[in-house]
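Here is a short round of questions and answers on one protein chain. Keep the structure open as you read.

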Amino acid sequence: MSHRLGARGLVLGYDESSPVVDGLDLDVPDGQVTVIVGPNACGKSTTLRALGRLLRPSGGAVLLDGQELARIPTRRVAQAIGLLPQSPAAPEGITVADLVARGRQPHQRWWRQWSDADERAVREAMELTDVASLAARPVDALSGGQRQRVWIAMALAQETDLLLLDEPTTFLDIAHQVDVLNLVRRLERTVVTVLHDLNQAARYGDFLVAMKDGRIVARGRPDEVVTAGLVREVFGLDAVVVPDPVTGSPLVVPGPPAPRPAERAPGRGGPGGRGEPTGPAGPAEPTGPAGPAEDVGAAGAADAPGTANPPAAKGVTPT
């Protein structure tokens, strides 16, 4: 399996005392969609940033065509690797066409600012991502799914053989997620992307890399990587793995949901229990000495005006 992009003994972090990624070796298969998966804070996005030279390794090296990436001129790197970070922000008021055109900056020279090749690259990128009809609209007026396609169009206009996408489906509804991932599948280039959804990774990826605690736990085809044992080891989740009924790819099905809290059992107090009533109190019991029984009979106690009702049994609210 050939590869242009890889890493050897990669150590990454944001301070020297606690590396996020430690001793990572990776070869990215050419012409395939590689998906990096793993729990939060396992080093997925950190690894992707290093592959795109946005983060300098504190140990080891990223390699492009066998050369250490850090030693390659920036323009050459930008002509080989396109990177779309998480939640990119567009300049206020910029139009779709202008943002996509910014993908051509690595190909500009001070003596050649714009060419027919640039125009063609921008047009083809917008057509491939289905945003050509939005060319004159401001980016900040688009829906989330439209904006994400515009950002991908900008990366495609860069015309690199390698494309790195950091969580491209973040904040998108399910329909737009599928739209973006289908677009990624149609691209005729090497793609490395980070996804949180393991089922989407197995469905749309050709090659999976599972990470935990800054290390690669498993790599290979989705049917080789996605097993019940790996899901338990990497995510701490008990699940079964079955074939996807549409694609045949592995489908992770978690265990049953937790039951709802049971209703409070009778006899434990509270509404419906046998404790003291919680509603308004009934007539108070007489506190003075009871009068002679013969003064008021049983029927008279209920009917005589101004006469108190008999005391209620404790724990029962009189009606």
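The questions below go from the whole chain down to single residues of this predicted model.

Q: How many helices and strands does the chain have?
A: Start with the secondary structure of this predicted model. Counted along the chain, it comes to 10 helices and 12 strands.

Q: What share of the residues counts as buried?
A: A residue counts as buried when its relative accessible area is under 20%. The chain has 319 residues. The share of them that counts as buried is 39%.

Q: What part of the exposed area do carbon and sulfur atoms supply?
A: The chain exposes about 18100 Å². Of this area, carbon and sulfur atoms supply 52%.

Q: Among contacts with a separation of 6 or more, what percentage joins residues 24 or more positions apart?
A: Take the contacts in the chain with a separation of 6 or more. Then pick those between residues 24 or more positions apart. They account for 62%.

Q: Which strands stand at the edges of the open sheet?
A: The sheet has 6 strands with mixed pairing, in the order β6-β7-β8-β3-β9-β10. An edge strand has a single partner, so one side of it is left without a neighbour in the sheet. The strands at the edges are β6 and β10.

Q: By what angle are neighbouring strands of this sheet turned against each other on average?
A: The order of the open sheet is β6-β7-β8-β3-β9-β10. With direction ignored, the average turn between neighbouring strands is 15°.

Q: Which residue in β8 stands opposite Leu 162?
A: Strands of a sheet pair through backbone hydrogen bonds, either parallel or antiparallel. Strands β7 (residues 162-166) and β8 (residues 190-194) run parallel and are joined by 5 bridges. Opposite Leu 162 stands Thr 190.

Q: Is Ile 94 buried or exposed?
A: Ile 94 is found in the loop between β6 (81-84) and α3 (96-101). The cut-off for buried is under 20% relative accessible area. Ile 94 has 8% relative accessibility, so Ile 94 counts as buried.

Q: What distance separates the C-alpha atoms of Ile 94 and Ala 136?
A: Leave out residues up to four places away in sequence, and Ile 94 touches Leu 99, Arg 102, Arg 137, Pro 138 and Val 139. Ala 136 is 42 residues from Ile 94 along the chain. The C-alpha atoms of Ile 94 and Ala 136 are separated by 9.2 Å.

Q: What accessible area do Val 240, Val 242 and Val 253 have together?
A: Val 240 sits in strand β11 (residues 239-243). With a relative accessible area of 47%, Val 240 is partly exposed. Val 240, Val 242 and Val 253 form a nonpolar patch on the surface. Together their accessible area is about 200 Å².

Q: How many residues apart in sequence are the parts that Asp 65 and Arg 4 tie together?
A: Asp 65 and Arg 4 form a salt bridge, with the closest N and O atoms 2.8 Å apart. Asp 65 lies in the loop between β4 (59-64) and β5 (67-68), and Arg 4 in the segment before β1 (5-12), so the parts tied together are 61 residues apart.

Q: What is the phi of Asp 65 near?
A: Asp 65 is partly exposed, with a relative accessible area of 45%. Its phi is a positive value in a residue other than glycine. The phi of Asp 65 is near 55°.

Q: Is Asp 213 buried or exposed?
A: Asp 213 is found in the loop between β9 (207-212) and β10. The cut-off for exposed is over 50%. Asp 213 has a relative accessible area of 62%, so Asp 213 is exposed.

Q: Which residue meets Asp 22 in a salt bridge?
A: The N to O distance in this salt bridge is 3.6 Å. Asp 22 is in strand β2 (residues 21-28), and its partner is in strand β10, 193 residues apart. The partner is partly exposed, at 48% relative accessible area. The residue is Arg 215.

Q: How far apart are the closest N and O atoms of Glu 224 and Arg 221?
A: Glu 224 is partly exposed, with a relative accessible area of 44%. Arg 221 is partly exposed, with a relative accessible area of 44%. The two form a salt bridge, and the closest N and O atoms are apart by 2.9 Å.

Notes: Residues are numbered from 1 along each chain as its sequence is written. This is a predicted model: local features need pLDDT of at least 70, side-chain atom pairs count only at pLDDT 80 or more; totals for chains, interfaces and linings use all residues. Side-chain values use heavy atoms; hydrogens and water are left out. Helices (H or I, at least four residues) and strands (E, at least two) are DSSP runs, numbered from the N terminus. Buried means under 20% relative accessible area, exposed over 50%, partly exposed in between (1.4 Å probe, protein chains only). Contact means heavy atoms within 4.5 Å. Patches are made of residues with over 30% relative accessible area and no salt bridge: like charges are joined within 9 Å, nonpolar side chains (Val, Leu, Ile, Met, Phe, Trp, Tyr) within 5 Å. Accessible areas come from the Shrake-Rupley method with a 1.4 Å probe; for residues, only the protein chains shown count as cover. A salt bridge is a side-chain nitrogen of Lys or Arg within 4 Å of a carboxyl oxygen of Asp or Glu. Two strands pair if DSSP finds at least two bridges between them. Axes are lines fitted to C-alpha atoms, for helices over the stretch in contact, and angles run from 0 to 180 degrees between N-to-C directions.
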